[in-house]
Amino acid sequence: MIALSRRLLPTLIPLLLTACAAVPQHPVATPAAPAIAPPVDDVTFVPKMIRPAPPADFWASMRDSFGMQGCAADPQVLAWARTYTKMPNRFEQQVNEVLPLIVYAHKSAMTHGVAGEFALLPWVESQYRHVPGKKNRPAGMWQIMPETAHTLGLRVEKNYDERLDIAKSTDSVMSMMRRYYDDLGDWRLVDVAYNAGEFGLKRTIDKHGGPSDDEGLPDVPMKAATKEHLVKLMAMACIVRDPARFNVQLPRQDLDDALQVVQVSNPQSLAQAAKQSGLSMNDLRDFNPAYRTEKGMVTSSLLLPKSAADQYKLGPVDPVDDVADASTDAPMDDEAAKPAPSRHGKGKASKKTVAAAKKPAKKDEPQLVIHKVNNGESLWSIARLHQVSVEQLVKWNDLQTKAVKPGQVLKLTASR
């Protein structure tokens, strides 16, 4: 058998080679080269993730940060919301006057992880007024008691009271709110603790138990005044949640009004700080009410609106004597010389503070509107009064400095 295989092998090999050669070979197709698109000129591709974000709506961000139930929490909440907005125009004006403080408080709340409603707490406590604290009485827009100030590390002295320092008191209160929440786990109880005291509330909870899971008013024993305090806070949040329901329109945030903490490198008087920031003494102290006297010295920081902060960072300025004499400006009515109705130039402009040029305007030509600077006014307060920006006033009047003096005449509209 083996011998037979050896004899057949030489014969089979040529036959196999011939058969393989007879099988047709199919060439492998070469893939076609992709078509090259013509170049496109002047196209800049911006990845989606790094495109500039649209301007944020402050009120929308505040709503998103709320931690308590809204208008349906209790009928009393809705009742107080209607009481606050009984005069819609007046309510809108009040909110507009304190909007920079609301925005600043909300920013601090977000930094400390506190529910957004607590940026509205000063409305309930003081309507954001810088209440001077008398002996053993609460002070500032947060209405902080002297003993609480000591616990928070806030200085309370005769001529300087940090309970009235907007930046320091706000930061301290928000830090305390966060600590309350970490202990209590309920934002409603945080407000109760702020009004009635943390230890008293804990004793009540130890005795009667905590609130139920209901999102309305907490069903724990509390004084009527404490309950009303919480209801008012929730009522303000109720309005912010749905302003149209109460026929009000919340004011737009003006970036020029955004409050900033500015560090002071060298000690200076309040008068020097006012001059450097382009604010009047009244306006400067309105943002820094901790200084109980105009003779105070600034040693660490100031709270200023953005426009004034930008001016302050430019460094010391020359005296205001270089401002052009008002007599060289456009003529004005005698009514313009009367004092402004608002000390800080907030709210809508009054006819007594706005005057038109005596020269009649031509057809289709805007009438020139001017303002005569009164004692205690600054460019910032005038801009607030007439609802324009500081930069617009600077541009319309070709100002080289943001410092103004009484008697100076400013144009409130752009010239053609």
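This passage walks through a predicted model, from the whole chain down to a few single residues.

To start with the overall picture, the protein chain has 15 helices and 7 strands. Out of its 416 residues, 44% count as buried. Contacts also reach a good way along the sequence: among those between residues at least 6 apart, 68% join residues at least 24 apart.

A good place to look more closely is helix α8, which covers residues 187-196. In α8, 8 of the 10 residues are buried, so the helix is largely enclosed by the rest of the structure. The buried ones are W187, R188, L189, V190, D191, V192, A193 and Y194. Going through that list with the model on screen shows that they follow one another along the chain, from W187 to Y194. As for what does the covering, other helices take part, including α5 (121-125), α7 (166-184), α9 (198-208) and α10 (224-241). Just past the end of α8 comes G197, and this glycine takes a positive phi of about 105°.

Two of those covering helices deserve a closer look, beginning with α7. The helices α7 and α8 pack at an angle of about 125°, and their axes lie 9 Å apart. An angle of 65 to 115 degrees would count as roughly perpendicular and one over 145 as roughly antiparallel, so α7 and α8 are described as oblique to each other. The crossing of α7 past α8 is right-handed. On the α7 side, the contact is made by V173, M176, M177, R178, Y180, Y181 and L184. On the α8 side, the residues involved are W187, L189, V190, A193 and Y194. Sorted by class, this contact of α7 with α8 has 11 nonpolar residues, no polar ones and 1 charged one.

Next comes α9, on the other side of G197 in the sequence. Here the axes of α8 and α9 come within 7 Å and cross at roughly 125°. This pair, too, is therefore oblique. The contact brings together L189, V192 and A193 of α8 with E198, L201 and I205 of α9. By class, the contact of α8 with α9 has 5 nonpolar residues, no polar ones and 1 charged one. Two residues of α8, L189 and A193, turn up in the contact with α7 and again in the contact with α9. Why might residues spaced like that work side by side? In general, an α-helix has 3.6 residues a turn, so residues three or four places apart point the same way.

Helix α10 brings in another feature, a disulfide. A disulfide is a covalent bond between the sulfur atoms of two cysteines. The structure holds 1 of these. The partners are C71 and C238, with their sulfur atoms 2.0 Å apart. The pair ties together distant parts of the chain: C71 sits in the loop between α2 (58-64) and α3 (75-84), while C238 belongs to helix α10, 167 residues away. The angle about the S-S bond is 105°, and the link of C71 and C238 is right-handed. Both C71 and C238 are buried.

Where does V124 sit? This valine is found in helix α5. With a relative accessible area of 17%, V124 falls under the 20% cut-off and so is buried. Setting aside neighbours within four places in sequence, V124 is in contact with Y84, H229, K232 and L233. One of these partners, K232, is 108 residues from V124 in sequence, yet the two are 6.4 Å apart in space, C-alpha to C-alpha.

Two residues further along the chain round off the tour. S269 has its place in strand β2, residues 268-269. Its relative accessibility is 19%, so S269 counts as buried. Apart from neighbours within four places in sequence, S269 is in contact with G296 and M297.

A274 lies in helix α11, which runs over residues 270-277. Is A274 buried or exposed? A274 has a relative accessible area of 4%, so this alanine is buried. Not counting residues up to four places away in sequence, A274 touches L279, S280, M281 and L284. Y312 is 38 residues from A274 in sequence, and the pair are 8.7 Å apart in space, C-alpha to C-alpha.

Terms used
Residues numbered from 1 in each chain as written. Predicted model: local features only at pLDDT ≥ 70, side-chain atom pairs only at ≥ 80, totals over all residues. Heavy atoms only, no water. Buried < 20%, exposed > 50% of the residue type's maximum accessible area, 1.4 Å probe, protein only. Helix = DSSP H or I, 4+ residues; strand = E, 2+ residues; numbered from the N terminus. Contact = heavy atoms within 4.5 Å. Axes fitted to C-alpha atoms, helices over the stretch in contact; angles between N-to-C directions. Parallel < 35°, antiparallel > 145°, perpendicular 65-115°, else oblique. Left-handed = near helix turned anticlockwise from the far one by under 90°. Nonpolar A, V, L, I, M, F, W, Y, C, P; charged D, E, K, R; others polar. Disulfide = S-S within 2.5 Å.
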